[in-house]
Amino acid sequence: MKYILAIDQGTSSTKSIIFDNQGKVVSKGHADLHTNYFDNGFVEQDPEEIFQNVLTSVSLCLEDFQHKGYNPKDIASCGISNQRETFVLWDKTGKALSPAVVWACKRSTQVCENLIHQGQNELIKQHTGLIIDPYFSGTKLLWLLENNPDLKTQLDNREVYFGTVDCWLLYKLTEGKSFKTDHTNAHRTLLLNIHSLTWDKEILALWGLEKLHLPEVYPSSHDYGHWTYSDDKSAVGVLAQSQLPITALIGDSHAATFGEGCFEKGTAKATLGTGCSIMSNIGNEPLISSNGMLTTVCWSVEGRIDYAFEGAIVSCGSTIEWLKNEMKFFTHPSETEDLAQKVKDNAGVYLIPAFSGLGAPHWQMSRKASIQGISFGTNINHIVRAALESIPFQIKDVLDAMSKDMGKDFTSISINGGISHNKFVTTFLADLLGFSIKKQANHDISALGAAYLAGLKSGVYQSLDALSELCKANFTSIEPADNTHVKAYYEGWQKALNG
């Protein structure tokens with residue numbers, strides 16, 4: 001029996017999970033990670049703390065693995081999934097030159113406005129499939145260079161190494177021997193050409209980044225090097241002794257898409273967390289959306305690259321948190337299911353959750369949230385129900401837009417994330433879409449996707465077909481009912497949205 005170590009490095013914590021050859025969890029480790037949120041919208045992390053956080057998490061996982069009687073020498077390889085768009089700058093020795101700038105950081109808002117004013121957005125969209133936005137790494141890098149003269153001097157002297165979190169971890173774990181990243185992470189920097197899958201020389205020249213050290217780019221499933229880092233403070237030395245192969249790097253949302261088994265064109269997943277990331281496999285050609293979707297690399301293996309449309313919903317679980325924390329309607333989100341079912345319908349009440357604007361496919365980022373249709377008969381239950389219903393409504397908006405771009409309808413979707421445990425939301429979503437909703441038994445989908453990709457390269461998993469069968473075995477389905485009145489609710493949503 002061979003096993004796979006998956007490291008899921010997220011914004012708030014790192015999970016380390018060891019999977020067996022059936023995709024089952026054998027051992028886990030978890031370590032919380034500190035993030036600095038500043039009043040001016042800046043969001044940062046300490047790069048060295050990220051690395052140490054990973055070592056702590058992996059060490060706990062290994063200790064659990066050994067305590068259960070397993071041998072670390074039976075771990076075949078390691079895969080890493082990571083918080084997308086967050087990046088680090090460092091020198092050749094592996095010393096960080098700046099804080100890690102987190103994906104949620106808004107420091108480059110003015111930089112983006114300037115670039116858009118200069119007419120660069122269409123070029124960026126055509127070359128990358130993305131848009132100029134503070135969300136992506138490249139614009140925040142420009143801000144750092146504009147506001148840190150020493151860093152700009154180091155760049156001019158060709159001393160600056162740039163990478164997303166996966167690349168930073170790989171560089172540290174291989175003690176500087178491997179400076180690489182995968183297609184999914186490289187693409188989210190805004191510097192990779194989605195057609196050639198190489199660093200875009202025109203964008204680099206336009207933004208004055210020609211002297212930046214950029215990592216080599218490879219498929220998500222690839223031989224990335226060997227774990228050689230060791231210390232005296234954790235159990236990771238055993239991995240260094242065996243020089244564990246690192247055979248997968250991938251951004252977390254892409255890892256979840258792979259973990260959900262989205263291997264064919266038209267398959268899709270929705271991660272229902274604070275926001276909602278919907279990603280649909282569009283096949284082996286990078287189509288440019290006409291309906292508000294981003295085009296991105298879905299995942300890649302040796303000899304095959306799949307692309308995706310991605311739609312980002314800004315407010316999903318955060319809407320429920322607002323009702324709990326600010327409105328005091330309930331004490332725990334799990335209560336919302338019963339509250340919503342205490343009324344027979346929404347009574348014409350719709351909550352438009354534009355607390356931070358509306359994302360895909362509307363892109364009304366200056367819009368404010370509102371509750372419409374309130375009367376003297378409206379009570380807390382109606383508002384809670386309207387909040388829950390807003391999640392399926394927004395998902396349908398995105399899927400309908402994707403269907404227009406793809407020229408075909410969806411027949412199923414896989415869901416994961418905290419809100420996917422709310423039966424009212426999942427049942428309502430299945431009824432609204434009119435097709436089955438799939439849920440994996442394993443909740444750690446990003447880690448699972450990284451493990452599958454690593455195991456493909458190291459031989460623990462034999463093929464995509466074999467992985468597809470594993471996914472099917474671990475799915476449960478939520479089937480739609482003949483619920484025509486749900487479609488009438490959706491018409492009401494569209495009127496409230498556009499009224």
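1. In this predicted model, P361 sits in the loop that runs between β20 (350–352) and β21 (370–372). The peptide bond leading from A360 into P361 is cis, and its omega is near -5 degrees.

2. A second backbone detail concerns Q243, which belongs to the loop between α9 (237–241) and β15 (245–251). Although Q243 is not a glycine, its phi is positive, at about 45 degrees.

3. Turning to the sheet, you can follow seven strands in the order β18-β19-β17-β16-β22-β23-β24, which together form an open sheet with mixed pairing. Because β18 (294–301) and β24 (475–478) stand at the edges and have a single partner strand each, one side of each is left without a neighbour in the sheet. On average, and with direction ignored, neighbouring strands of this sheet are turned by 30 degrees against each other.

4. As background, the strands of a sheet pair through backbone hydrogen bonds, and this pairing is either parallel or antiparallel. For one pair here, that of β22 (residues 412–416) with β23 (residues 436–440), the sense is parallel and the pairing extends over four bridges. Within this pair, S414 of the one strand can be found opposite K438 in β23.

5. Which strands does helix α15 touch as it packs on the sheet? Helix α15 (residues 445–458) touches β18, β22 and β23, and its direction makes about 45 degrees with that of β18. Helix α16 (residues 464–473) also packs on the sheet, where it touches β18, β19 (304–313), β23 and β24, and the direction of α16 makes about 55 degrees with that of β24.

6. UniProt, in an unreviewed entry, lists residues 269–455 under "domain: Carbohydrate kinase FGGY C-terminal". In the model, this span is 34% helix and 25% strand, and the C-alpha atoms at its two ends lie 22 Å apart.

7. The second largest pocket holds about 260 Å³ of space, and its lining is made up of 16 residues, with I320, E321, P333, G418 and I419 lying nearest the centre. Both α11 (317–325) and α12 (336–341) supply at least two residues each to this lining, and α11 gives the most, with four residues. How many of the lining residues are nonpolar, polar and charged? The lining of the second largest pocket divides into five nonpolar, nine polar and two charged residues.

Conventions
Residues are numbered from 1 along each chain as its sequence is written. This is a predicted model: local features need pLDDT of at least 70, side-chain atom pairs count only at pLDDT 80 or more; totals for chains, interfaces and linings use all residues. Side-chain values use heavy atoms; hydrogens and water are left out. Two strands pair if DSSP finds at least two bridges between them. Axes are lines fitted to C-alpha atoms, for helices over the stretch in contact, and angles run from 0 to 180 degrees between N-to-C directions. Contact means heavy atoms within 4.5 Å. UniProt positions are given in the numbering used here, feature names are shortened, and annotations may be inferred rather than shown by experiment. On a 1 Å grid over the protein atoms alone, a cavity is a set of points where a 1.4 Å probe fits but cannot get out, and a pocket is an open set with protein on both sides within 12 Å along at least five of seven lines; lining residues have an atom within 4 Å of a point. Grid points are joined across faces, edges and corners, and a volume is the space filled by probe spheres set on the points. Ala, Val, Leu, Ile, Met, Phe, Trp, Tyr, Cys and Pro count as nonpolar, Asp, Glu, Lys and Arg as charged, and the others, Gly among them, as polar.
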